[in-house]
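Please look through the two-chain model shown below and follow how its helices meet. The report after it begins with one pair of helices and then widens to their surroundings.

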Amino acid sequence: MHSESAIREPLILGHKTYHDITADIVGPIENKAPRAWYVLLTISSLIALYGIGCIMYLIGTGIGVWGLNKTVDWAWDITNFVWWVGIGHAGTLISAVLLLFRQRWRMAINRSAEAMTIFAVIMAATFPVIHMGRVWMAYWVLPLPNTFGSLWVNFNSPLLWDVFAISTYFTVSLVFWYIGLIPDFATIRDRVTTKGMKRAYSILSFGWTGNAKAWTRFEEVSLVLAGIATPLVFSVHSVVSMDFATSIVPGWHTTIFPPYFVSGAVFSGFAMVQTLLLVMRKVMKLESYITVKHVEYMNIVIIVTGSIVGVAYITELFISWYSGVEYESYAFINRATGPYWWSYWAMMTCNVVSPQVFWFKKLRTHLGFTFFMSIIVNIGMWFERFVIIVTSLHRDYLPSSWTLFHPSWVDVGIFVGTLGIFFTLYLLFARFFPVVALNEMKSILKMSGESYKQQQAQHHHH
Amino acid sequence: MANKVVYAVYEDPEVLKSAARKLVTAGVKVRDVFSPFPIHGIDPIIGVKRTRLGIAAFMYGITGTSLALLGFWYFMIHDWPMNIGGKPNMTLYQNLPAFVPVMFEFTVFCAAHGMAITYLIRNKTLPGMPGRNPDPRTTDDKFIIEVRTEDNAQGSDAIVEMLRGTEALEINERQY
């Protein structure tokens, strides 16, 4: 068997057996949910219902109920869209990119990060759909024969690229996630005793047997899907950035947008993973699997991507001056010193300055502080999108049409509502699905488990 | 003589592997191995061939690329050429750079879904299928070798005897 270097810290703490892993992960599904779960579910589903109400009001009344005006014709809708898509990127990065790099620490967190990705992409997709106003015509984005000619959709437009990118991303992530879940559903199927649960998990597990050929195919599918999901995840946020970068709006027309958006996406996604996992590991007692080392690794990704984002902000600023284009320069001066200066400096503080504290090992291994920082980063990344979208639009070429954007209660309601829907879905996932990839954890137990590593080390000394 | 199936239960994948190797060396054909996670290196021992799913994924992928190209040509060049910002739209070749993103996405879409569907069908894992593992513990912490008398010249007694020398936790015989 492949043995791992003794220098590497164990990824599974304590003295665990294969059966302990099953019991620890499946136990919470079989037992009664703690009261806190019901409380959280009630709160988040009420917020979700309010958000759905706001969406219905928006659809029934029209886009006019948002705070948009003639100058600022994209604001919270697209800010929220980009924010949610960005959050989604961490899941695929963890499960696909880290698989290709053979990073074993991904195995404890990939399942829940992928779930987060799927729910975040659902939330993201809501915004472009509802911002069409007449949602029942949403199918017009597809190249379907029609009675207007046929007049086809425009394949030259980044907005259409986005339709293909987001729908491919969503469905491929879903399939990738589900294929990983099938063997674990089978574990639950073979373990639970009540009739209803047995039936439910039997359907979900698709009749998985776990024979040698099935596992060979499983590993092949995981590897190939990871291989194609890797360029996919980079393409998705690149395409999102091209929604802006291919236009000729000062502040948007920037060639560094694709890499800058992708690293920002990974940055915010990892922050959301931290927010969710730090709570989940505590409530579901997963400290042996999602260890402080895992948290530290994720904080390292946060500092790397946060620094890339910081370099991008400064490059943008420098180029706006160096280009000699006065409109471009003004767009950036206006961001930093105009009426929206507070959002620009909130972005700079949250995204560029504050993650640098993770250079201190004490802070990046401190769980409470990490949780606090994860919230800060997500606030910062929301402001980044707000800065890019609203501050670039609100003062256009014609000073007579300069204006400000004020969100209406519907803007706020829908955004908060998507948070509610997201957390509702995540809570349901945490209750009924195996939150850690059982089969993957078992496959590394004898390499990276604490007690096994100690045995190997002792063996080595003798 | 009725056909018999013998299941040897192990607690560790490495022990199972050496047991399987021993059986195969002695000329016994191992029908299958069931485990809670992939056992690396078991396939060549028991003669499981490499899967061709990767090739299938490639085929689905290039199908996607070709369909996308055909679509672009038909929608954007042939059926209704659109003049967008004065960009060249007279030939597919000239307009191609703008089509790269969708071409890529559609390639990935077809490769991933085609492969996933093939995988589910080939594994016979579809909604509503019953679990067919011989023992419910194989999805938890046990590893099982399955040997069938119909595949082997040796009788079940000889096979069981051989398995007894392999650190098996249990050996179960069943008629079918």
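The axes of α7(A) and α3(B) come within 9 Å and cross at roughly 40°, where axes are lines fitted to C-alpha atoms, for helices over the stretch in contact, and angles run from 0 to 180 degrees between N-to-C directions. The crossing of these two helices, α7(A) and α3(B), is right-handed, a word used if the near helix is turned clockwise from the far one by less than a right angle. On the α7(A) side the contact is made by A:Arg217, A:Glu220, A:Val221 and A:Val224, and on the α3(B) side by B:Leu53, B:Gly54 and B:Ala57; residues are in contact if their C-beta atoms, placed from the backbone, lie within 7 Å. By class, this contact of α7(A) with α3(B) has four nonpolar, one polar and two charged residues, with Ala, Val, Leu, Ile, Met, Phe, Trp, Tyr, Cys and Pro counted as nonpolar, Asp, Glu, Lys and Arg as charged, and the others, Gly among them, as polar.

This is a predicted model, in which local features need pLDDT of at least 70 and side-chain atom pairs count only at pLDDT 80 or more, while totals for chains, interfaces and linings use all residues. Residues are numbered from 1 along each chain as its sequence is written, and chains are lettered from A and ligands numbered from 1 in the order in which they are written.

Between the chains, 55 residues of chain A are in contact with 58 residues of chain B. The side of chain A that touches chain B receives two or more residues from each of the helices α1, α5, α6, α7 and α15, helices being DSSP runs (H or I, at least four residues) numbered from the N terminus, and α7(A) gives the most, with 16 residues. The classes on that side of chain A are as follows.

| Class | Residues of chain A touching chain B |
|---|---|
| Nonpolar | 27 residues |
| Polar | 20 residues |
| Charged | eight residues |

Helix α3 of chain B (residues 53–79) has 27 residues that should span 39 Å at 1.5 Å a residue (times one less than the number of residues), and the end C-alpha atoms are 37 Å apart, which agrees. There is nevertheless a kink of about 25° in α3(B), centred on B:Trp73, the bend being the angle between axes fitted to the seven residues ending there and the seven starting there. The buried residues of α3(B), among them B:Leu53, B:Ala57 and B:Phe72, pack against α7 of chain A together with α4 of chain B; buried means that 20 or more other C-beta atoms lie within 10 Å of a residue's own.

Methods:
Contact = placed C-beta atoms within 7 Å. Buried ≥ 20, exposed ≤ 12 C-beta atoms within 10 Å, placed from the backbone.
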